[in-house]
Amino acid sequence: MPKSSSQRTRKRISTASRADRHELYERAVQDPESDITFLTRTFERLRGRPPLSLREDFCGTASFCAAWVGSRRDRTAIGIDLDPDTLAWGKRRHLASAPEHVGRRVHLHQADVRDAVGAKSDITCAFNFSYFVFKSCEGMRHYFRAVRSRLVDDGMFFIDLYGGPDSIKEDVTDTDYDDFLYHWDQAFFNPLTHDTLCHIHFSFPDGSRLNRAFSYDWRLWTVPELREILLEVGFRKVHCFWERSDRNGEGTGVFYEPKGPVHAEDCWWTYIAAER
Amino acid sequence: MAQRADPHQLYQRAVQTPNADIWFIGATFRKLRGRAPVSLREDFCGTAFTATTWVQGHARRSAIGVDIDADTLAWGLEHNVLPAGPSVSRRIELVQGDVLEVETRKVDVVCALNFSYAVFKTRAMLRSYLKNARAALKRDGLVVLELFGGTESFVPLIEKQKRGRFTYVWEQKSFNPINHETVCQISFRFPDRSRLEPAFQYEWRLWTVPEIRELLAEAGFRASKVYWQKLDSRGEGTSDFYATEAAENQECFVAYVVGLP
């Protein structure tokens, strides 16, 4: 934090030092509306009713919880995260200023997602690959079991994941958001363990930078591994989705359940859904 | 030329390097177990080229070759085992059977080379194979598995190599990221433009190193090691492999995973 009382404030303050990493993250990475549309459509198609209660594991700033309850008046959300500072930021940003009926329908817990705290829900989701922190089959099984225990009988579990040859290369990709650049830095990948170390950096037009605003120490899991572990812990059916491409091979944001083989893109991300 | 060509003969010349595999197995076994390995079981042995070369290497060595395909075993008997002479052939036992179920006497080393175990497409099947392999090992034995990977293994690919009088073509026809299933073909092309295409086709699941190591643990192996290929100064593979827990990813790599029961 810049020291406001100090003489130093007379010097030009860089954009980076004033920037809020959580805000930048939400703008660059999260897209709650399209996730909500996908979850709702898929749940309604497979379960024949609208999903109302959501548990967001690794919820961070709980922007997704807030968007979920904002999308329908009878929706509720539970957000679980280990980090109290991030939860506090989310409360201030998304819940304190929201209408009372919105704030009342979101419950945030500072807890380990494997402890299965809180009420059962229609949907549990773990997005932005956050569950990749579990690096062994045994660890992932433990987490998936906990998820299953907090779902209602016809509940569903949704995760997202990414892959493709580009995901196992050490490389940086830059995305321009007008007032800042978002840098996704795949700093390290070990083919012997599939451990990967990724960072998010932000840089600004005045040349300042927020280096390593976020860092992730993950195992890069593959679709068949996750599918088999979900089945091993008792999920009855697992659905793998794939993004439809347009004529130029660009992603359309529309996901479908492929019947046959899909084209192996250089870089892809997709959803897996599991029926309890 | 394609009509007169023998696909097994071409396969042995183009794909197999039994001496390099045997050198790796011998050196690794001596290092980990403090003695020389004597008995080998070659699973998915095909023409038993590796088993025969193994036995030829030392008068005390013996081998069991297991394969499900009777015709390929018969070819191997005629072209590899019997021509090696009775002092070699009497130390080789060929078994036509399923590696998931076969029961053999206990050996020092069970090996599955050339990615052959990738025919098992589920964790349950591969685990069951590894359990059966473990049951055939002496207490201080080793299982040796070969695998390939790298960024190029997750996309369709074609690779041609001139091998004297023919060209060897490795084609990864398809790769499905949703189940990691891949279809690969080996073809041979000849100077008169005739072709054996495809000579061999494989329908595999492309397994990753951590998956195989976790399945070894689930199948009861106490420990596993990965051996990575040393590169020369130009980045080309040497046939020297070393044990490591971390490596820089490559476009295409071949590695050994070794399980200790």
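Two strands count as paired if DSSP finds at least two bridges between them. Strands E1 (residues 53–57) and E2 (residues 76–81) of chain A clear that bar with five bridges, and they run parallel. Keep in mind that this is a predicted model. Here's a quick look at a sheet in chain A, then at some aromatic rings.

**The sheet in chain A**
- Seven strands make up an open sheet with mixed pairing, in the order E3-E2-E1-E4-E5-E13-E10.
- E3 (106–110) and E10 (237–240) of chain A sit at the edges with a single partner strand each, so one side of each has no neighbour in the sheet.
- On average, neighbouring strands here are turned by 15° against each other, direction ignored.
- Back to E1 and E2: Ser53(A) has Thr76(A) in E2(A) as its bridge partner.

**Helices packed on the sheet**
- Helix H4 (residues 63–70) of chain A touches E1, E2, E3 and strand E4 (121–126), and its direction makes about 175° with that of E2(A).
- Helix H5 (residues 84–96) of chain A touches E2 and E3, at about 165° to the direction of E3(A).

**Aromatic rings**
- There are 52 aromatic pairs over all chains.
- In one of them, Phe129(A) and Trp218(A) have ring centres 5.9 Å apart and planes at 80°, so the pair is edge-to-face.
- Those two residues are 89 residues apart in the chain, with Phe129(A) in the loop between E4 and helix H7 and Trp218(A) in strand E9; both are buried.
- Over in chain B, the rings of Tyr168(B) and Phe188(B) are tilted, because their planes meet at 40°, with centres 6.3 Å apart.
- Tyr168(B) and Phe188(B) are both buried too.

**Charges over rings**
- Arg75(A) holds its charged end over the ring of Trp68(A), 3.8 Å from the centre.
- Arg219(A) has its charged end over the ring of Trp221(A), 3.8 Å from the centre.

Notes. Residues numbered from 1 in each chain as written. Chains lettered and ligands numbered in written order. Predicted model: local features only at pLDDT ≥ 70, side-chain atom pairs only at ≥ 80, totals over all residues. Heavy atoms only, no water. Helix = DSSP H or I, 4+ residues; strand = E, 2+ residues; numbered from the N terminus. Axes fitted to C-alpha atoms, helices over the stretch in contact; angles between N-to-C directions. Contact = heavy atoms within 4.5 Å. Phe/Tyr/Trp six-rings, centres within 6.5 Å; stacked < 30°, edge-to-face > 60°. Buried < 20%, exposed > 50% of the residue type's maximum accessible area, 1.4 Å probe, protein only. Lys NZ or Arg CZ within 6 Å of the ring centre and 35° of its normal.
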